[in-house]
Amino acid sequence: MTDQRTAQRNTTVWAIGGVAVVVAIGALVRFLEQTVPDAAEGSAFEGLAGAIEYPIYAIALGLLGNVVLTLLGVRERLAAGFRTEFFIKTGLVLLGASINFSVIVGAAGPAVLQALVLITVVFGFTWWLAGRLGVDDKLRALLASAVSICGVSAAIAAAGAVQAKKEQLAYTASLVIIFAIPSIFFLPAAVGWLGLPAPVAGAWIGGNIDTTAAVSAAGAIVGEEALQIATIVKTTQNALLGVVAVALTAYFALKVERSGSAARPGLREFWERFPKFVLGFLAASIIATIYGSVLGSAAAKPAIEIVNDFRTMFLILAFVSIGLEFRVAPLREAGWRPIAVFASATVVNLGVGLGLAVLLFSGVTV
């Protein structure tokens with residue numbers, strides 16, 4: 001018992017150390033974001049320094065920290081403190097306070113339609129191609145969920161639904177991050193090349209990049225309006241995660257692993273798998289909208305700005321954690337087929353997502 005308590009205490013201490021590392025790097029990111037543009041003013045690097053946003057600093061320093069901690073042999077012990085999912089969901093709930101609820105209502109219709117079409121097409125294509133290439137059924141489910149819905153969160157939900165192996169989940173999560181990191185920079189650049197308006201750009205980013213954190217990073221690079229629409233679109237996809245998770249649960253329980261004692265999934269299971277932060281995001285938007293209506297936008301602005309500062313801090317911590325959590329080993333172990341499936345599905349997602357964003361969001365205003 002004493003040994004067990006000692007082990008638990010050590011685990012907790014290392015997890016706290018991991019959080020401290022994330023916070024320390026996050027503080028450095030905040031410092032660079034606020035000081036580098038002023039320091040570079042008047043120099044040849046002024047334009048570049050002004051264009052680099054906090055997501056870029058955060059992910060770059062997170063990856064650098066990953067290398068340093070790995071060389072020191074302490075990264076795995078500290079990993080429990082790299083709470084990407086907690087940081088991003090907290091940041092997104094706070095983001096709701098900066099979005100007037102009327103914007104959410106205006107974008108909800110196209111966002112739901114886009115999410116339904118994208119998830120159906122991309123999930124179906126990924127499931128079909130993975131089957132043709134002989135990928136294991138459970139890994140097929142994880143890949144299809146991750147690339148069509150919301151990355152690691154979807155993979156986690158799908159893993160629980162189909163009872164996938166830990167290695168399959170780790171592999172899928174690594175693939176998500178591998179593809180998400182370049183997307184953070186590629187999609188905003190493509191938005192500029194294509195001359196997309198902010199709502200269309202946000203819808204394209206929100207519908208294509210797999211992780212919510214990366215969507216926020218890419219949206220922030222394009223601008224505040226694009227970030228708002230991207231968040232609404234990605235949040236809508238997140239909301240449909242519960243539906244897909246329950247559908248996978250039913251399919252694997254009743255078809256793939258059918259047994260006489262298999263119970264049918266009920267409303268309680270649907271609720272347990274539903275991403276609850278979506279409700280927090282909507283509640284924050286409603287509360288802030290009412291608050292602004294009662295006090296007036298000018299009087300409410302200081303409080304909203306404080307919430308926005310906290311939102312930025314949590315998003316920085318999430319992006320730093322993405323860099324710290326990145327792993328290459330699971331990708332080498334699984335071979336080329338799942339990578340080919342994920343890459344092909346990403347291309348399909350980009351094409352279909354761009355068409356839907358132009359079709360559904362060209363008339364949306366923020």
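The chain exposes about 17000 Å², and carbon and sulfur atoms supply 66% of that area; such accessible areas come from the Shrake-Rupley method with a 1.4 Å probe, and for residues only the protein chains shown count as cover. The structure is a predicted model, in which local features need pLDDT of at least 70 and side-chain atom pairs count only at pLDDT 80 or more, while totals for chains, interfaces and linings use all residues. Residues are numbered from 1 along each chain as its sequence is written, and side-chain values use heavy atoms, with hydrogens and water left out.

The secondary structure consists of 17 helices and 0 strands. Both kinds of element are DSSP runs numbered from the N terminus, a helix being H or I over at least four residues and a strand being E over at least two. Of the 366 residues in the chain, 47% are buried. Here, buried means under 20% relative accessible area, exposed means over 50%, and partly exposed lies in between (1.4 Å probe, protein chains only). Contacts, defined as heavy atoms within 4.5 Å, show how the chain folds back on itself: among those between residues at least 6 apart in sequence, 83% join residues at least 24 apart.

The interior may be considered next. In soluble globular proteins, nonpolar side chains tend to be buried together. A nonpolar core is a set of buried Ala, Val, Leu, Ile, Met, Phe, Trp, Tyr and Cys residues joined through side-chain atoms within 4.5 Å. The largest such core in this chain has 75 residues, and those with the most contacts inside it are Val29, Ile205, Ile209, Phe319, Val320 and Phe361. Helix α9 (residues 166-194) gives the largest share of this core, 10 residues. A second, separate core has 15 residues, including Phe123, Trp127, Ala144 and Ile149. Returning to the largest core, Val320 touches Val22, Ile25, Gly26, Val29, Ala58 and Gly62, leaving aside residues up to four places away in sequence.

One of these partners, Ala58, is among the buried residues of helix α3, as are Tyr54, Pro55, Tyr57, Ile59, Leu61, Gly62, Gly65, Asn66 and Leu69. Helix α3 (residues 54-72) has 19 residues, which should span 27 Å at 1.5 Å a residue, and its end C-alpha atoms are 26 Å apart, in agreement. The expected span is 1.5 Å times one less than the number of residues in the helix. After α3 comes glycine 73, whose phi is positive, near 75 degrees.

Helix α7 (residues 137-150) is treated in the same way: its 14 residues should span 20 Å, and the 19 Å between its end C-alpha atoms agrees. This helix is mostly covered, with 12 of its 14 residues buried; among them are Arg140, Ala144, Val147 and Ile149. At its start, a side-chain oxygen of aspartate 136 comes to within 2.9 Å of the backbone nitrogen of lysine 138. Just after α7, glycine 151 has a positive phi of about 65 degrees.

How does helix α14 divide between its two sides? An α-helix has 3.6 residues a turn, so residues three or four places apart point the same way. The buried residues of α14 are Phe277, Val278, Phe281, Ala284, Ser285, Ala288, Thr289 and Gly292. They cover an arc of only 125 degrees around the axis, which puts them on the same side of α14; the arc is that of the directions from the helix axis to the C-beta atoms. The face turned away from this buried side carries the exposed residues Ile287, Ser293 and Val294.

Phe281 also leads to helix α12 (residues 224-256), where threonine 231 is placed. Threonine 231 touches Leu92, Leu95 and Phe281, not counting residues up to four places away in sequence. Threonine 231 counts as buried because its relative accessibility is 2%. Its C-alpha lies 8.5 Å from that of leucine 95, although the two residues are 136 apart in sequence. The side chain of threonine 231 also reaches the backbone oxygen of leucine 227 at 2.7 Å.

Finally, asparagine 349 lies in helix α17 (residues 337-361). Asparagine 349 is buried, with a relative accessible area of 2%. Leaving aside residues up to four places away in sequence, asparagine 349 touches Leu118, Val122, Val147, Gly207, Asn208, Asp210 and Leu354. Of these partners, Val147 is one of the buried residues of α7.

Conventions
Polar contact = N/O pair within 3.5 Å; in protein donor to acceptor, adjacent residues only side chain to side chain.
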